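Here are some exercises to work through with the model open beside you. Try each task on your own, then follow the solution step by step.

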Amino acid sequence: MNNIDGKTRTLGLIGNPVEHTMSPFIHNLFANAMNINMVYVPFHVENGYLEPAIKGAKALNLLGNNITVPYKVEVMQYLDEIDKNAKVIGAVNTIHYKEDKIYGYNTDAAGFLKSSLKVGIEFEGKIVSILGAGGAAKAIAAVCAENRVKKIYLTNRTVEKAEALKNTLQTHYPELNIDVLDYNALLLVEEMDICFQTTSIGMFPNVEASPITELNFLSKLKWAVDAIYNPSETKFLSLAKSQGVKTLNGLGMLYYQAVRAFEIWHGVTIPEEIIDQCYARFTQYVYSR
Ligand code: ATR
């Protein structure tokens, strides 16, 4: 436990609900490893109370907050500056109170990129598909665009949301080659390097569900990536693995968005060996519960 004294800085997660969050575990682990005098706690903010919560956090000299469901979009109107990633994604997950201003960031994209690079996923020139068009899909699509994939195929149950994501991306990346497809058309695409699964299908307790079961499609892939981390191997990933495809789950994305947020708040770079040591502790914490 941290040694709290008169110089301890306070940070925390604002959302509703927040009771299942793992962010306090991660950030307090980093604080100990980096010897930074801070504490990170959950803040359950009732609907209708976001504005006073943000103003109160600033008044109380908090250093920063993470923002989660349902406030990632609403919070944007209370900020002074918003970074490009957050604008492309249309959501803020990290805010920093600094010199009387409130800065907003989206570290999901950086987290996803780092988690992917760590295992050797390459983006440039690749043909990719993204299943889903929610928050995780937006961050992943932004990374794909920024890192010059050759083509994005986007599939979502609600087609309008996929079209909206396509339009936003094309506003920021006019050169981007992106198509919205329905599920059956996606299965017929001949060349596919990576499939990013971002829907909630397959998440605990519905562990037998998978948005794609066609082995013919999965066997084309070099990588299958799932934004879900519980279970650690979704049905989608296990089917892909059975075809010799490399797989990655969503735990790294969650972890590395926290790394990036921590670095923004404290103006530090966490050394790679500390990142790896803390990740091992975090993995153990998540999967032994
Ligand atoms: P996250 O922040 O994890 O991305 P989200 O923003 O709520 O969560 O997005 C959930 C995604 O899963 C959406 O793409 C959603 O599809 P819709 O846009 O049609 O709602 C998708 N999804 C959730 N349940 C689904 C289901 N049973 N079948 C197909 N898609 C589903």
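## Exercise 1: Tyr255 and its partner

Tyr255 has a relative accessibility of 0%, so it counts as buried. Keep in mind that you're looking at a predicted model.

**Task.** Find the ring that is stacked with Tyr255, and work out which parts of the chain the pair ties together.

**Solution.**
- Step 1: Look at the rings. Tyr255 and Phe282 form an aromatic pair, 5.6 Å from centre to centre with 25 degrees between the planes. Planes under 30 degrees apart count as stacked, so this pair gets that label.
- Step 2: Place both residues. Tyr255 belongs to helix α10 (residues 251-266) and Phe282 to helix α11 (residues 272-287), so the pair ties together parts that are 27 residues apart in sequence.
- Step 3: Check the partner. Phe282 is buried because its relative accessible area is 0%.
- Step 4: Widen the view. Tyr255 and Phe282 belong to one aromatic cluster, together with Phe25, Phe30, Tyr256, Phe262, Tyr279 and Tyr285.

## Exercise 2: A histidine in a helix

**Task.** Is His27 buried or exposed, and which residues does it touch?

**Solution.**
- Step 1: Find His27 in helix α1, which covers residues 23-34.
- Step 2: Read the accessibility. The relative accessible area of His27 is 0%, so this residue is buried.
- Step 3: List the contacts, skipping residues up to four places away in sequence. His27 touches Met38, Tyr40, Asn66, Ala258, Ala261, Phe262 and Trp265.
- Step 4: Link back to the first exercise. Phe262, one of the residues His27 touches, is also a member of the aromatic cluster.

## Exercise 3: Around the ligand

**Task.** Which residues surround the ligand, and how is the shell made up by class?

**Solution.**
- Step 1: Collect the shell. Surrounding the ligand are Gly132, Ala133, Gly134, Gly135, Ala136, Asn156, Arg157, Thr158, Lys161, Thr199, Ser200 and Ile201.
- Step 2: Sort them. The shell has 7 polar, 3 nonpolar and 2 charged residues.
- Step 3: Look for polar partners. One ligand oxygen atom sits 3.0 Å from a polar backbone atom of Gly135. An oxygen atom of the ligand is also 2.7 Å from an N or O atom in the Asn156 side chain, and a ligand nitrogen atom is 3.4 Å from an N or O atom in the side chain of Ser200.
- Step 4: Ask about cover. On its own the ligand has 650 Å² of accessible area, and the protein covers 62% of that.
- Step 5: Pick one shell residue. Gly134 is in the loop between β7 (127-131) and α5 (135-146). With 29% relative accessibility, Gly134 counts as partly exposed.

## Exercise 4: Odd backbone spots

**Task.** Where are the cis peptide bonds between Asn and Pro, and what is the phi of Glu99 and of Asp100?

**Solution.**
- Step 1: Start with the background. Most residues other than glycine have a negative phi, and most peptide bonds are trans.
- Step 2: Go to Asn16 and Pro17, which are joined by a cis peptide bond with omega about 5 degrees. Pro17 is in the loop between β1 (9-15) and α1.
- Step 3: Now try Asn230 and Pro231, where the peptide bond is cis with omega about 10 degrees. Pro231 sits in the loop between β11 (223-226) and α9 (235-242).
- Step 4: Turn to phi. Glu99 has a positive phi, near 45 degrees, and Asp100 has a positive phi near 70 degrees.
- Step 5: Place them. Glu99 is in the loop between β5 (94-98) and β6 (101-105), and Asp100 is found in the loop between β5 and β6. Glu99 counts as exposed at 68% relative accessibility, and Asp100 is exposed too, with 64%.

## Exercise 5: One threonine, two polar partners

**Task.** Which polar contact does the side chain of Thr8 make with the side chain of Asn37, and what lies 2.8 Å from a polar atom of the Thr8 side chain?

**Solution.**
- Step 1: Locate Thr8 in the segment before β1. Its relative accessibility is 15%, so Thr8 counts as buried.
- Step 2: Follow the side chain. Thr8 and Asn37 make a side-chain to side-chain polar contact of 2.8 Å.
- Step 3: Check the backbone. The backbone nitrogen of Asp5 is 2.8 Å from a polar atom of the Thr8 side chain.

Terms used: Residues numbered from 1 in each chain as written. Predicted model: local features only at pLDDT ≥ 70, side-chain atom pairs only at ≥ 80, totals over all residues. Heavy atoms only, no water. Near = heavy atom within 4 Å. Polar contact = N/O pair within 3.5 Å; in protein donor to acceptor, adjacent residues only side chain to side chain. Areas by Shrake-Rupley, 256 points an atom, 1.4 Å probe, with all protein chains shown as cover. Nonpolar A, V, L, I, M, F, W, Y, C, P; charged D, E, K, R; others polar. Helix = DSSP H or I, 4+ residues; strand = E, 2+ residues; numbered from the N terminus. Buried < 20%, exposed > 50% of the residue type's maximum accessible area, 1.4 Å probe, protein only. Phe/Tyr/Trp six-rings, centres within 6.5 Å; stacked < 30°, edge-to-face > 60°. Contact = heavy atoms within 4.5 Å.
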